[in-house]
Amino acid sequence: KKAGLRPDVRVYNVFIGACAESGKRLKDPSRIGKAEQIIQAMPKNGVEPCAASFHPVIDAYAELDDVESAVRWFDEMKKAGVRPDAKTYRTLISSHAHQGRYRYDREQFVAAERILEEMSEEGFEPDLASLDILVRRWAQFGELDRAIWWFRSMLSKDMEPSLNAFTTLLNACAKRSKAGTWDHAKEVSKEMKRASIKPNAVTFACMLKVCSRAAVAERRAERRDVLSVAEEVIDEMKKTVRPNHVHLTECLYLQKRYPTEEKPKEWIKWIIDKDRQSPKKKRINTKNLPRPLRAVLSEVLQEVEKCRSH
């Protein structure tokens, strides 16, 4: 300015971005406040802010979990006649969904859906990350039907949910005892297999948990159907992961539910055998098992010892 040069919008945006990024990294709202002051000064100096001027401030507040300030600047952006870009919409959707989970506030999820709807109305196609986070957050909130709705919406757009989304959905299925949950779980598992997504140890644990809960709670889930799905899970596990405490627990639940079936017993024996091959520090602590399951495990171990003695 002293040299008589007039800064243009790009110069202002550099300073806005620097202040906002500094506030985000240091978790210092006062530094973001400096970015706000620069935006407010732009029209006075004959420079109109653009979407790239507002986004750093919105993103910084979202990163600091201050969704109210992020929304306030989103509204200021529209009041200034600036059309939000897809990046800004995605930031707000993620911020609302994140806050909804940690505040346990359903209205935040609803707000995220409204932003997504507005995004579509403005001509921006909802992206994979925005839909994926809605699937995960609704499932974590316990509203499985809403999560499944967004899951199907992703599939209808030929989008592939993340492994995290599949795992979260299966975990939500395991926690719910309503009729139809078993069918939801099978739908999710089928789509995961179709997409060739490889489950990890946590995903396998959720899948086994779904089976063990269905064996008890889902009246319409036939025994053969539950055991068939569980067998597929175990077969896949044998190729990729080392079984842990949760895998053993769910197999014990299945054995307790179906004491006359041989399959759960075979799975328990396989887990025990794999566990014995592990270093002592990494072995499963069976003392933490519920007493009824310790009794089931004891019976299986006795059978294993009898087989060895013969």
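This is a short tour of a predicted model, stop by stop, with something to select at each one.

**Stop 1: the whole chain**

Start zoomed out, with the cartoon on. You'll find 15 helices and zero strands in this protein. Its radius of gyration is 26 Å, well over the 19 Å that the globule rule gives for 310 residues, so the protein is more spread out than a compact globule. Turn the model along its principal axes and the C-alpha atoms fill a box of roughly 95 × 40 × 30 Å. Colour by accessibility, and 48% of the 310 residues come up as buried. As for contacts between residues at least 6 apart in sequence, 67% of them join residues at least 24 apart.

**Stop 2: Arg-6, before the first helix**

Now select Arg-6, in the segment before H1. Is Arg-6 buried or exposed? With 60% relative accessibility, Arg-6 counts as exposed. Leaving aside residues up to four places away in sequence, Arg-6 touches Asn-45, Gly-46 and Val-47. Show the side chain as sticks: it reaches the backbone oxygen of Gly-46 at 2.6 Å, and one of its polar atoms lies 3.4 Å from the backbone oxygen of Asn-45. For a sense of scale, draw a line from Arg-6 to His-98, C-alpha to C-alpha: they are 41 Å apart in space and 92 residues apart in sequence.

**Stop 3: helix H2**

Select residues 29-41, which make up helix H2. Its 13 residues reach 19 Å from the first C-alpha to the last, close to the 18 Å expected at 1.5 Å a residue. Which residues of H2 are buried? They are Ile-32, Gly-33, Ala-35, Glu-36, Ile-38 and Ile-39. Bring up helix H1 (9-26), helix H3 (51-63) and helix H4 (67-79) as well, since these are what the buried residues of H2 pack against.

**Stop 4: into helix H6**

Move along to the loop between H5 and H6 and pick Tyr-104. Tyr-104 has a positive phi of about 55 degrees although it is not a glycine. At 58% relative accessibility, Tyr-104 counts as exposed. Next comes Asp-105, which caps the N-terminal end of H6, with a side-chain oxygen 3.0 Å from the backbone nitrogen of Glu-107.

H6 itself has 16 residues and reaches 23 Å from end to end, first C-alpha to last, close to the 22 Å expected at 1.5 Å a residue. Its buried residues include Phe-109, Ala-112, Ile-115, Leu-116 and Met-119. Against what do the buried residues of H6 pack? Show H4, helix H5 (86-103), H7 and helix H8 (144-156) to see the partners. Just after H6, click on Gly-123, where phi is positive at about 95 degrees.

**Stop 5: the ring cluster**

Show the aromatic side chains. With centres within 6.5 Å as the cut-off for a pair, the model has nine aromatic pairs. Zoom in on Phe-109 and Phe-141: their ring centres are 5.1 Å apart and their planes are at 65 degrees, so this pair is edge-to-face. Phe-109 is in helix H6 (residues 106-121) and Phe-141 in helix H7 (residues 128-141), so the pair ties together parts that are 32 residues apart in sequence. Phe-109 counts as buried at 0% relative accessibility, and Phe-141 is buried too, at 14%.

Add Trp-138, which forms an edge-to-face pair with Phe-141, 6.3 Å centre to centre and with 75 degrees between the planes. Trp-138 and Phe-141 are three residues apart in helix H7, separated by about one helical turn. Trp-138 is buried as well. Then add Tyr-104 from the previous stop: ring pairs link Tyr-104, Phe-109, Trp-138 and Phe-141 into a cluster.

**Stop 6: charges over rings**

Select Arg-146 and Trp-149. The charged end of Arg-146 sits over the ring of Trp-149, 4.8 Å from its centre. Then jump to Arg-213, which lies over the face of Tyr-253 at 5.6 Å from the ring centre.

**Last stop: Ser-196**

Finish in the loop between helix H10 (181-194) and helix H11 (201-217), where you'll find Ser-196. What is phi of Ser-196 near? Phi is near 55 degrees, a positive value in a residue other than glycine. Ser-196 is exposed, with a relative accessible area of 59%.

Terms used
Residues numbered from 1 in each chain as written. Predicted model: local features only at pLDDT ≥ 70, side-chain atom pairs only at ≥ 80, totals over all residues. Heavy atoms only, no water. Phe/Tyr/Trp six-rings, centres within 6.5 Å; stacked < 30°, edge-to-face > 60°. Helix = DSSP H or I, 4+ residues; strand = E, 2+ residues; numbered from the N terminus. Buried < 20%, exposed > 50% of the residue type's maximum accessible area, 1.4 Å probe, protein only. Lys NZ or Arg CZ within 6 Å of the ring centre and 35° of its normal. Expected span 1.5 Å × (residues − 1). Contact = heavy atoms within 4.5 Å. Polar contact = N/O pair within 3.5 Å; in protein donor to acceptor, adjacent residues only side chain to side chain. Rg over C-alpha atoms; globule rule 2.2 N^0.38 Å.
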